[in-house]
Amino acid sequence: DDDDDDDEDNDGDGEYKDADIDHLRLSTEVFQHFEDFGFESDDEYRVIHKINERYGHMSMNVRCKKDVHWKIKISFTINHDSESIFEFLKSSYVGGSDNVNAIGWHKKLIDRQIVSKLDEHNYIMYEVYKSFNSPYKFRDFVVLRSFKTQQLNEHSKRYFIVCSSIGNYNKMQESKDKLRCVMFPSGFEIRPYNNLTAKTKSQVSYRLHLTSESVNIVTADLLGECDELFESMVRISSLVTVFKRKQRLNQLQAMKNNNHNLGSVRSTSK
């Protein structure tokens, strides 16, 4: 029956075993797990005050907890509209090597490949992250990465960039120099800071749900031994500025080309 099929597809916590199942259903389930994660009360989380104080200029709030798995919540503000942040981050993941930064904002993520484009909003991706305090220098993941826009009200939207591991994916075999790990539904939620500042300021939430192995990609940051994870969040703002500038230049160039083409047509027709 249908319930038995669901048990075969996932383990009840967001790790999926069969990449050939209906990706739209899979994506919906991943988003549901991710939203449930966001609704969890912060009462059970440990606040990392030193990090929050250091990045107080962007209202950063870092919390983490460990039960069966590791869960990390990082929230902060960025002085850009939510759509621009979303489009920049989407471009950095799936926009190709010629985009404005090709994932350069993320100091942890050292390689990423699109394995399969399922549709405009869903991709199977291979991603490699640096890992500290481990015999393995790298952790790699095969994930379904999904992009979603949701209308909040008449004037504003919120945006999601979410991923979750896919197991037993034969197209990306494990390698000897990297440890294949699991990431449960994790990623970004981006929304206007409030209705008054919707076009100039956004609230960003970055949530990670990791195992005792995959958490090693951020352990050093949580312990204060490095700051790559949090500096990556800081870099987003400046690179969104560059991204928007490049978009405007492209638009101006397109208008210039159109005007040139119109002029050529008129000259030919005389």
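This passage describes the fold, the nonpolar cores, the strand pairing and the charged pairs of a predicted model.

The chain contains six helices and 10 strands, and of its 270 residues 48% count as buried. Among the contacts in the chain with a separation of 6 or more, 58% are accounted for by residues 24 or more positions apart.

In soluble globular proteins, nonpolar side chains tend to be buried together. In this model the largest nonpolar core has 47 residues, and M60, F188 and I236 are those with the most contacts inside it. Helix α6, which spans residues 228–269, gives the most to this core, contributing seven residues. The surroundings of M60 can be listed in detail: when its neighbours within four places in sequence are left aside, M60 is in contact with I51, N52, Y55, I74, S75, F76, F230 and M233. Apart from the largest core lies another core, of 14 residues, which includes L26, V30, Y126 and V142.

Helix α6 also contains E228, a residue that counts as buried because its relative accessibility is 16%, under the 20% limit. Not counting residues up to four places away in sequence, E228 touches K107, K108, K130, F132 and D221. Helix α4 offers a check on helix geometry, as its 13 residues (residues 82–94) should span 18 Å at 1.5 Å a residue, and its end C-alpha atoms are 18 Å apart, which agrees. This helix is mostly covered, with 11 of its 13 residues buried. The buried residues of α4 include nonpolar ones such as I85, F86, F88, L89 and V94, and also S82, S84, K90, S91, S92 and Y93.

Strand β5 has a partner strand in both β4 and β6. Strand β4 (residues 109–119) runs antiparallel to β5 and is joined to it by eight bridges, and β4 and β5 form a hairpin with two residues between them. Within this pairing, K117 stands opposite Y123 in β5. Strands β5 and β6 likewise run antiparallel and are joined by nine bridges, with V128 standing opposite D140 in β6. Strand β5 is mostly covered, eight of its nine residues being buried.

Side chains of opposite charge can pair when their charged atoms come close. A search of the whole structure finds 21 salt bridges, three of which are described here. In one of them, the side chains of K73 and D42 meet with an N to O distance of 3.1 Å. K73 lies in strand β3 (residues 70–78), whereas D42 lies in the loop between α2 (23–39) and β1 (46–47), so the pair ties together parts that are 31 residues apart in sequence. The partners of this bridge differ in exposure, since K73 counts as buried at 3% relative accessibility, while D42 is partly exposed, with a relative accessible area of 32%.

A further salt bridge is formed by R145 with E127, the closest N and O atoms being 2.9 Å apart. This pair links distant parts of the chain, with R145 in strand β6 (residues 138–151) and E127 in strand β5 (residues 122–130), 18 residues apart. Both R145 and E127 are buried. R207 forms a salt bridge with E189, and here the closest N and O atoms are 3.2 Å apart. Because R207 lies in strand β10 (residues 202–210) and E189 in strand β9 (residues 183–192), this pair ties together parts that are 18 residues apart in sequence. Both R207 and E189 are buried, and salt bridges that share partners join E35, R158, E189, R191 and R207 into one network.

The cysteines were considered as well. A disulfide is a covalent bond between the sulfur atoms of two cysteines. With a limit of 2.5 Å between cysteine sulfur atoms, the count for this model comes to zero disulfides. C163 counts as buried at 2% relative accessibility, and C226 is also buried, with a relative accessible area of 18%.

Conventions:
Residues numbered from 1 in each chain as written. Predicted model: local features only at pLDDT ≥ 70, side-chain atom pairs only at ≥ 80, totals over all residues. Heavy atoms only, no water. Buried < 20%, exposed > 50% of the residue type's maximum accessible area, 1.4 Å probe, protein only. Core = buried A, V, L, I, M, F, W, Y, C linked by side-chain atoms within 4.5 Å. Helix = DSSP H or I, 4+ residues; strand = E, 2+ residues; numbered from the N terminus. Contact = heavy atoms within 4.5 Å. Salt bridge = Lys/Arg side-chain N within 4 Å of Asp/Glu carboxyl O. Expected span 1.5 Å × (residues − 1). Pairing = 2+ DSSP bridges.
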